[in-house]
Amino acid sequence: MSINKKVLIVEDDMIISLVVENMVKELGHTVVGKAVSGEEAVKLAREQKPDILLMDIRLKGEMDGIDTVAKIEESINPKVIYLTGNSDRLNFERAQNTNFVDLIVKPFTIGDLDKSLKLVV
């Protein structure tokens, strides 16, 4: 039995965001917020103090997902699971400078997400 975790979803595609939100809820966790930009994610993370960030790497706005995680980690220390449509080496190497648990390449299934979330609990 896994423990209910507070999850912040950062995804700029509204359809994917909704699908991910439904998966998270189905897996027994609580979505404490959804953001489409890095700036919005930093603000929400500071307010909600999520246990887990589901972070898209490419976002609207000035910061990408990796920059956003680095900024959030200045004030809180959530577990991070990156969601990305591009698993290129450069982004993976940049992501390694942040404290992330897993990187899931889109498209992914609820089983993939469940496996990643179980690494956190």
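**Exercise 1.** With which side chain does the side chain of Glu21 make a polar contact?

*Solution.* First, a word on the model: it is predicted, local features need pLDDT of at least 70, side-chain atom pairs count only at pLDDT 80 or more, and totals for chains, interfaces and linings use all residues. Residues are numbered from 1 along each chain as its sequence is written, and side-chain values use heavy atoms, leaving out hydrogens and water.

Now find Glu21 in helix 1, residues 14-26 (helices are DSSP runs of H or I, at least four residues, and strands are runs of E, at least two, numbered from the N terminus). Then look at its side chain: the partner is the side chain of Lys34, at 2.8 Å (a polar contact is a pair of N or O atoms within 3.5 Å; within protein, one must be able to donate a hydrogen and the other to accept it, and residues adjacent in sequence count only if both atoms are side-chain atoms).

**Exercise 2.** Is Met55 buried or exposed?

*Solution.* Start in strand 3, residues 52-56, where Met55 sits. Its relative accessibility is 0%, so Met55 counts as buried (buried is under 20% relative accessible area, exposed over 50%, partly exposed in between, with a 1.4 Å probe and protein chains only). Next, check who is around: leaving aside neighbours within four places in sequence, Met55 has contacts including Val10, Ile72 and Tyr82 (contact means heavy atoms within 4.5 Å).

**Exercise 3.** Which residues form one aromatic cluster?

*Solution.* Pick out Tyr82, Phe92 and Phe100; these form the cluster. Finally, take Phe92 alone: at 34% relative accessibility, Phe92 is partly exposed.

Terms used:
Rings of Phe, Tyr and Trp (its six-membered ring) pair if their centres lie within 6.5 Å; planes under 30 degrees apart count as stacked, over 60 as edge-to-face and the rest as tilted.
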